[in-house]
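Biologist: Hi, I'm new to this one. Could you bring it up and walk me through it?

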Amino acid sequence: MAIEAFSEERFPLRVSFGTSGGPERRTEIVRLSTGYEHRNQRHRHSARRYDAGSGVRSLADLAAVLTFFEARRGKLTGFRFRDPLDWRSSQYGQAATAFDQMIGTGDGVTTVFPLLKVYGTGDAAYSRPIEKPVRGTVRIAVDGTELAAGTDFNVDTASGAVTLALAPAAGLSITAGFEFDVPVRFDMDQLAVNVAAFEAGDIPSIPLIEVRP
């Protein structure tokens with residue numbers, strides 16, 4: 001049986017909400033002879049790293065992670081993970097609405113628009129592709145009017161692409177709201193479990209790293 005490169009199954013939710021970690025940037029810095037610095041970003045998008053060990057609160061949690069680890073074959077198969085801080089299109093603590101994120105402008109022809117989340121404002125804003133929206137949470141609006149899911153639009157939850165039934169007229173804004181997961185994989189091939197050490201308060205490290213699915 002062939003093993004998939006990515007599984008749409010989500011990492012145990014009760015463990016992920018206690019996980020530590022976040023986005024990582026790779027910046028090259030060269031100090032010039034004048035004393036000034038030249039800084040260059042190696043990648044356009046950040047990559048998120050997490051340690052799920054901090055989310056393990058009980059032996060039941062540890063057993064759930066072990067089962068999930070074996071089913072993913074360690075590093076082999078990617079999977080969905082809910083970031084404990086950043087998992088909605090809206091501002092922190094607010095429910096998602098169909099008007100949270102601008103994902104495109106109509107031209108009378110285009111019907112497919114990828115989901116994204118914008119951080120910051122103006123020219124310095126960063127647009128993050130959202131490739132793993134949560135099924136049933138995506139809301140879409142055109143020119144301020146919310147559309148009906150399944151009738152006016154459909155969503156590919158494996159890629160984050162939204163397909164509208166009708167192409168919006170030129171100049172009309174397309175906005176979206178959604179919940180989403182991060183595509184990750186285990187960054188280890190061995191899950192070292194010591195039950196006695198765990199009961200004594202020594203929580204194992206379970207590193208995860210974001211991938212492009």
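**A first look**

Modeller: Sure. The chain exposes about 11700 Å², and carbon and sulfur atoms supply 52% of that area. Keep in mind that this is a predicted model.

Biologist: OK, and how much of the chain counts as buried?

Modeller: Of its 213 residues, 38% are buried. The C-alpha atoms fill a box of roughly 65 × 60 × 40 Å along the principal axes.

Biologist: What does the secondary structure come to?

Modeller: Three helices and 17 strands.

Biologist: Which residues have the most contacts inside the largest nonpolar core?

Modeller: Those are F11, F186, I206 and L208, in a core of 19 residues. Two or more residues each come from α2 (59-71), β6 (78-81) and β16 (182-186). The largest share is from α2, with four residues.

Biologist: Let's zoom in on F186. What is F186 in contact with, leaving aside neighbours within four places in sequence?

Modeller: Quite a list: F11, F68, F69, R72, G74, K75, F79, I206, P207 and L208. Apart from the core we just went through, there's another one of 15 residues, including F113, L115, V138 and I174.

Biologist: Back to the whole chain. Among contacts between residues at least 6 apart in sequence, how many join residues at least 24 apart?

Modeller: That would be 74% of them.

Biologist: Last topic, charges. How many positive and negative ones are there?

Modeller: The chain has 24 positive and 26 negative charges, and their mean positions are 3 Å apart.

Conventions: Residues are numbered from 1 along each chain as its sequence is written. This is a predicted model: local features need pLDDT of at least 70, side-chain atom pairs count only at pLDDT 80 or more; totals for chains, interfaces and linings use all residues. Side-chain values use heavy atoms; hydrogens and water are left out. A nonpolar core is a set of buried Ala, Val, Leu, Ile, Met, Phe, Trp, Tyr and Cys residues joined through side-chain atoms within 4.5 Å. Buried means under 20% relative accessible area, exposed over 50%, partly exposed in between (1.4 Å probe, protein chains only). Contact means heavy atoms within 4.5 Å. Accessible areas come from the Shrake-Rupley method with a 1.4 Å probe; for residues, only the protein chains shown count as cover. Lys and Arg count as positive and Asp and Glu as negative; His and the chain ends are not counted. The place of a charge is taken as NZ of Lys, CZ of Arg, CG of Asp or CD of Glu.
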